[in-house]
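Colleague: Could you take me slowly through one helix and what surrounds it? I am in my first year, so please explain each term as you go.

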Amino acid sequence: MPAFASGSNTAVKADSYGAVMNKDGYSYKKLGNKYFIRVDKDTEIIRALKEICAENNITAGEITGIGAIKSATFGFFNPETKQYSEKTFDEYMEITSLLGNVSQKDGEVYLHLHMNASGKDYKTIGGHLVKSTVSATCEIILTSQEGSIGRKFSEDIGLNLFDF
Ligand code: FE
């Protein structure tokens, strides 16, 4: 089966540079080792990114993005209690910065993403990204790196750290 022919809602078209993949709630085009991704209205961003990494066997990489969202849940990690607290913001916001990386844990895609977003008062909030839903569009560039980076839980820190 061709690498690009998975999923029932996949439409494939191509120009001389690369194929375009149309999926449920997002589309992307690969140029070299970079995936240019459009996440569509009402789609949860992390779900889209995990699917893209899984279907393209991306096991190490870098993510940057901007866009417009209607909801975001941020986490804050307390290093003393080793626990995350979470807060959800249901409002229209601009993603001023979406940053993160792709690795692997226990054979599964592992995304670590942080986001800053600004609302109608132009003030920015942010944190460890738990989930976020698009209001208009979100533009993400995912750079795929050859090889793989694993993760392992650290009892000392309380987080899944890069494991080399
Ligand atoms: Fe984090």
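Modeller: We begin with a term: a residue is buried if 20 or more other C-beta atoms lie within 10 Å of its own, exposed if 12 or fewer do, and partly exposed in between, with the C-beta atoms placed from the backbone. Helices (H or I, at least four residues) and strands (E, at least two) are DSSP runs, numbered from the N terminus. Residues are numbered from 1 along each chain as its sequence is written. This is a predicted model, in which local features need a pLDDT of at least 70 and side-chain atom pairs count only at pLDDT 80 or more, whereas totals for chains, interfaces and linings use all residues. The pLDDT is the predictor's confidence in each residue, from 0 to 100; the protein chain averages 93, and 91% of the residues score at least 70.

In helix α1, the buried residues are Ile45, Ala48, Leu49, Ile52 and Cys53. They lie on the same side of α1, because they cover an arc of only 130° around the axis, where the arc is that of the directions from the helix axis to the C-beta atoms. Among the elements that cover these buried residues are β3, β4, β5 (61–78), β7 (93–105), β8 (108–118) and β9.

Cys53 is a good residue to follow, and it belongs to α1, which spans residues 45–55. Cys53 counts as buried because 24 other C-beta atoms lie within 10 Å. Two residues are in contact if their C-beta atoms, placed from the backbone, lie within 7 Å; setting aside neighbours within four places in sequence, Cys53 has Ile58, Val102 and Val109 as contacts. The C-alpha atoms of Cys53 and Glu108 are 9.7 Å apart, although 55 residues separate the two along the chain.

Among the covering strands, β4 (residues 34–40) has side chains that alternate: Tyr35, Ile37 and Val39 point to one face and are buried, while Lys34, Phe36, Arg38 and Asp40 point to the other and are not. Two strands pair if DSSP finds at least two bridges between them. Strand β3 (residues 26–31) runs antiparallel to β4 and is joined to it by 6 bridges, with Ser27 standing opposite Arg38. β4 also pairs with strand β9 (residues 124–144), in the antiparallel sense and over 7 bridges, and here Tyr35 has Leu142 as its bridge partner. Val39 of β4 touches Ile45 and Ala48, and its other contacts beyond four places in sequence include Val134, Cys138 and Ile140.

Helix and strands also meet in a nonpolar core, which is a set of buried Ala, Val, Leu, Ile, Met, Phe, Trp, Tyr and Cys residues joined through C-beta atoms within 7 Å. The largest such core has 28 residues, of which Ile37, Val39, Ile52 and Ile140 touch the most other members. The elements giving two or more residues to this core are β3, β4, α1, β5, β7, β8 and β9. In soluble globular proteins, nonpolar side chains tend to be buried together.

Finally, consider the two ends of the helix. In the loop between β4 and α1 lies Asp42, whose phi is near 75°, a positive value in a residue other than glycine. Asp42 is exposed, because 10 other C-beta atoms lie within 10 Å. Just after α1, Asn57 takes a positive phi of about 50°. Most residues other than glycine have a negative phi.
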